[in-house]
Amino acid sequence: MDGIKSGKLYFLINSLAGGGAERVVVNISKPLAVDKIFLLERDIKYEVDIPLDFLSSHSRKTSAIYKTLYIPLYALRFAKRINKNDIVVSFLERANFVNLVSKFFKPHKTIISVHIFDTEFSGLKSLNKIMIKLLYPKADIVITVSKGIAHLLEKKYKVPKEKIYTIYNPINIEKIQEMAKEPLEMDFGPLMITVGRLSKQKGHWHLLRIFKEIKKEFSEYKLLIVGEGEL
């Protein structure tokens with residue numbers, strides 16, 4: 001990866017409407033001196049000091065099917081706004097697709113970041129599976145947040161091993177320690193907290209089963225689940 005930077009450095013993501021990957025983009029954009037963040041949609045929840053550029057008027061409420069079919073147009077618009085020596089780091093599936101498809105219109109360095117990976121594909125996601133097989137191996141670099149995802153991309157989707165790097169999500173320990181000192185509005189007693197999107201991929205059922213066993217020995221403990229999602 002040394003010496004890869006020759007043009008401007010851009011981030012590309014679906015939106016900044018909340019979520020783990022979106023938080024990572026915000027946290028690392030300034031330290032990495034990112035020149036601009038491109039967004040496929042106009043939803044913004046997180047504050048960021050980096051200039052933003054929108055590729056559409058879409059939002060999270062726009063049909064997922066429509067946004068998937070719109071990928072070539074996203075890519076064409078994006079290609080017109082970058083130069084061939086630029087480096088584009090994309091986050092999340094649809095943004096990764098746009099990054100890679102735009103390479104056909106304007107050759108540039110493509111780095112895709114894979115934060116989650118579905119192992120079950122049905123309906124619209126079946127198309128995503130095909131696009132992953134076709135496009136992901138064409139990336140210059142693939143960054144995964146776990147070795148499990150890296151292994152899956154290499155073995156099942158034929159992404160060359162030499163292109164894959166595993167970099168765990170960054171954690172701002174100092175900020176967490178500072179926030180941990182803030183007083184609680186209520187006295188919960190001994191408390192365990194989990195924060196994350198309430199979806200199947202996060203595996204909350206494992207935590208619930210484990211916590212059930214913990215309660216047998218430590219009955220005073222409570223579990224607080226914080227998050228949004230279909231579950």
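Is Phe97 buried or exposed? In this predicted model, Phe97 is buried, with a relative accessible area of 1%. That residue makes a good starting point, as it takes part both in a helix packing and in an aromatic pair.

**Helices H3 and H4**

Phe97 is one of the H4 residues that meet helix H3. Helix H3 covers residues 71-79 and helix H4 covers residues 93-105; their axes come within 8 Å and cross at roughly 60 degrees. Two packed helices are described by the angle between their axes and the distance between the axes. An angle of 65 to 115 degrees would count as roughly perpendicular, but H3 and H4 are oblique to each other. Their crossing is right-handed.

On the H3 side, the contact is made by Ile71, Pro72, Tyr74, Ala75, Leu76, Phe78 and Ala79. Across from them, H4 brings Arg94, Phe97, Val98, Asn99, Val101, Ser102 and Phe105. Sorted by character, the residues of this contact divide into eleven nonpolar, two polar and one charged.

**Aromatic pairs**

With ring centres within 6.5 Å as the criterion, the count comes to seven aromatic pairs. In one of them, the rings of Tyr10 and Phe38 have their centres 5.2 Å apart, with the planes at 90 degrees. An angle over 60 degrees counts as edge-to-face, so the Tyr10 and Phe38 pair is edge-to-face. This pair links distant parts of the chain: Tyr10 sits in strand E1 (residues 9-13) and Phe38 in strand E2 (residues 36-39), 28 residues apart. Both partners are hidden from solvent: Tyr10 counts as buried at 7% relative accessibility, and Phe38 is buried with a relative accessible area of 0%.

Another pair brings us back to Phe97, which joins Tyr136 in a tilted arrangement, 6.0 Å centre to centre with 50 degrees between the planes. Here too, distant parts of the chain are linked: Phe97 belongs to helix H4, while Tyr136 lies in the loop between helix H5 (124-135) and strand E6 (141-144), 39 residues away along the chain. Tyr136 is buried, with a relative accessible area of 1%.

There is also an aromatic cluster, formed by Tyr10, Phe38 and Phe78. Phe78 has been named already, as one of the H3 residues that meet H4.

**Residues in the loops**

Which residues lie in loops, and where? Lys61 is found between strand E3 (52-54) and helix H2 (64-69). The C-alpha atoms of Lys61 and Glu41 are separated by 9.8 Å, and the two residues are 20 residues apart along the chain.

Most residues other than glycine have a negative phi. Ala33 is not a glycine, yet has a positive phi of about 55 degrees. Lys158, likewise not a glycine, has a positive phi of about 60 degrees. The table sets out where these loop residues lie and how accessible they are.

| Residue | Loop | Relative accessible area |
|---|---|---|
| Ala33 | between helix H1 (20-29) and E2 | 47%, partly exposed |
| Lys61 | between strand E3 (52-54) and helix H2 (64-69) | 81%, exposed |
| Lys158 | between helix H6 (147-155) and strand E7 (164-166) | 61%, exposed |

The limit for exposed is over 50%, so Lys158 at 61% counts as exposed, whereas Ala33 at 47% counts as partly exposed.

How values were computed
Residues are numbered from 1 along each chain as its sequence is written. This is a predicted model: local features need pLDDT of at least 70, side-chain atom pairs count only at pLDDT 80 or more; totals for chains, interfaces and linings use all residues. Side-chain values use heavy atoms; hydrogens and water are left out. Axes are lines fitted to C-alpha atoms, for helices over the stretch in contact, and angles run from 0 to 180 degrees between N-to-C directions. Helices (H or I, at least four residues) and strands (E, at least two) are DSSP runs, numbered from the N terminus. Angles under 35 degrees count as roughly parallel, over 145 as roughly antiparallel, 65 to 115 as roughly perpendicular and the rest as oblique. A crossing is left-handed if the near helix is turned anticlockwise from the far one by less than a right angle, and right-handed if clockwise. Contact means heavy atoms within 4.5 Å. Ala, Val, Leu, Ile, Met, Phe, Trp, Tyr, Cys and Pro count as nonpolar, Asp, Glu, Lys and Arg as charged, and the others, Gly among them, as polar. Buried means under 20% relative accessible area, exposed over 50%, partly exposed in between (1.4 Å probe, protein chains only). Rings of Phe, Tyr and Trp (its six-membered ring) pair if their centres lie within 6.5 Å; planes under 30 degrees apart count as stacked, over 60 as edge-to-face and the rest as tilted.
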